[in-house]
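Q: Got a minute to walk me through this one? I'd like to go over the DNA side and then the helix packing.

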2 protein chains.
Amino acid sequence: MIIIDYRDKRPIYEQVTDKLAQLIIKGVLSPNTKMPSVRQLAIDLSVNANTVQRAYSQLEQNGYLYSVVGKGNFVSEVNDWKNQATKENIATLRQACINAKNCGLTYDDVKKLIKEVYEEKQTS
Amino acid sequence: MIIIDYRDKRPIYEQVTDKLAQLIIKGVLSPNTKMPSVRQLAIDLSVNANTVQRAYSQLEQNGYLYSVVGKGNFVSEVNDWKNQATKENIATLRQACINAKNCGLTYDDVKKLIKEVYEEKQTS
DNA sequence: TCAAGTGTACTACGAAGATTAATACACTCG
DNA sequence: CGAGTGTATTAATCTTCGTAGTACACTTGA
């Protein structure tokens, strides 16, 4: 299910984190599903248990998982991670806006910018 | 004029870069002023010449300085660095806006956010 | 109760990157 | 030409980061 790409320069825990997050976002792993244990997944991927632990820990911080000591890790409700992601995006957007204001951009400048973005069809 | 703080965890070249940038932004160093030579400033600060060179190099990249081989480094015109800083702010603002759009924020949500920012008195 | 399975905390090692230093080169100008 | 300037290259040192090893704490079922 998960394949580690050793040509990828990013650390393993980050690759695992991203791929699991994708599976959750796409709904392949539905809420309250029990994740494989850190040790089991570590064996499957041939990595250290702490590496998986770190990935799980990140996913928990981002609201994708919740963990119960002695029982395991489970997929969170959709709203949990959706709200989390939205909050962070709002925070960074606000900061970017403040910076723009401080460097002299006017209210109209910024309004024009966001209008452009929202009129584009494709975004990435 | 410049004091290096060794309790500061940031690298020396970054401290020097920031403090010189502040002096330029505040107008203490006006356009076309000749900066101290890399070797001279290195002696004054008791650091290696390359460290100063790196700071100058960064300042040049950000449009604060221009250098002439064999002659020295000089403070740029105000518009040079102002435009540069503005460009970067616009780029990050646009990206933040795209992310917000992708995570489901509506056009009105974003408009409301920037309105708030521009109605605030103090910003940092 | 205990043993197996679970998450977690702590420490340490190794590699990779960042920072600084040493040195040599190229240019300007008197 | 020589002193002063910026710049390129290389090397040494330092710091950070990713990963691994190990021990601890909890849950559950036999």
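Q: Which element gives the largest share of the surface near DNA strand C?
A: That's α3(B), with 3 residues. Helices here are DSSP runs of H or I with at least four residues, strands are E runs of at least two, and both are numbered from the N terminus.

Q: Before we go on, what kind of model is this?
A: A predicted one, where local features need pLDDT of at least 70, side-chain atom pairs count only at pLDDT 80 or more, and totals for chains, interfaces and linings use all residues. Residues are numbered from 1 along each chain as its sequence is written, chains are lettered from A and ligands numbered from 1 in the order in which they are written, and side-chain values use heavy atoms, with hydrogens and water left out.

Q: OK, back to DNA strand C. How many residues surround it, and which are the closest?
A: 24 residues surround DNA strand C, and the closest are Arg39(A), Ser67(A), Ile12(B), Asn48(B) and Asn50(B). Near means that a heavy atom of the residue lies within 4 Å of the strand.

Q: What do they divide into by class?
A: 8 nonpolar, 11 polar and 5 charged. Nonpolar covers Ala, Val, Leu, Ile, Met, Phe, Trp, Tyr, Cys and Pro, charged covers Asp, Glu, Lys and Arg, and the others, Gly among them, count as polar.

Q: How much of the DNA strand C side within 4 Å of the protein is sugar or phosphate?
A: 64% of those atoms belong to sugar or phosphate, and the rest to bases.

Q: Which polar backbone atoms are close to a phosphate oxygen of DNA strand C?
A: Ile12(B) has one at 2.6 Å, and Asn48(B) has one at 2.9 Å. A polar contact is a pair of N or O atoms within 3.5 Å.

Q: And what about a side chain?
A: Asn73(A) has a side-chain N or O atom 2.9 Å from a phosphate oxygen of DNA strand C. As for elements giving two or more residues to that surface, chain A has α2 (38–45), α3, β1 (65–68) and β2 (72–75), while chain B has α1 (12–25) and α3.

Q: Switching to DNA strand D: which residues are the closest there?
A: Ile12(A), Asn48(A), Asn50(A), Arg39(B) and Ser67(B), out of 24 residues that surround DNA strand D. Sugar and phosphate make up 64% of the atoms of DNA strand D that come within 4 Å of the protein.

Q: Which element leads on that surface?
A: α3(A) supplies the largest share, 3 residues. The class split for the surface near DNA strand D is 8 nonpolar, 11 polar and 5 charged residues.

Q: What touches a phosphate oxygen of DNA strand D?
A: From chain A, Tyr13(A) puts a backbone N or O atom 3.4 Å away from one, and Thr51(A) has a polar side-chain atom at 3.2 Å. From chain B, a polar backbone atom of Val38(B) lies 3.0 Å from a phosphate oxygen.

Q: Tyr13(A) and Thr51(A) again: which helices do they sit in, and what contact do they help make?
A: α1(A) and α3(A) pack at about 45 degrees, with their axes 8 Å apart. Axes are lines fitted to C-alpha atoms, for helices over the stretch in contact, and angles run from 0 to 180 degrees between N-to-C directions. Tyr13(A) is one of the contact residues in α1(A), and Thr51(A) one of those in α3(A). Contact means heavy atoms within 4.5 Å.

Q: Why call that pair oblique?
A: Because under 35 degrees counts as roughly parallel, over 145 as roughly antiparallel, 65 to 115 as roughly perpendicular and the rest as oblique, α1(A) and α3(A) are oblique to each other.

Q: New topic: how do α4(A) and α5(B) cross?
A: Helix α4 (residues 78–102) of chain A and helix α5 (residues 107–119) of chain B have axes that come within 10 Å and cross at roughly 45 degrees. On the α4(A) side the contact includes Ile90(A), Leu93(A) and Cys97(A), and on the α5(B) side Val110(B), Leu113(B) and Tyr118(B) are among the residues met. By class, that contact has 10 nonpolar, no polar and 3 charged residues.

Q: And how do α5(A) and α4(B) pack?
A: At an angle of about 45 degrees, with their axes 10 Å apart.

Note on methods: A polar contact is a pair of N or O atoms within 3.5 Å; within protein, one must be able to donate a hydrogen and the other to accept it, and residues adjacent in sequence count only if both atoms are side-chain atoms.
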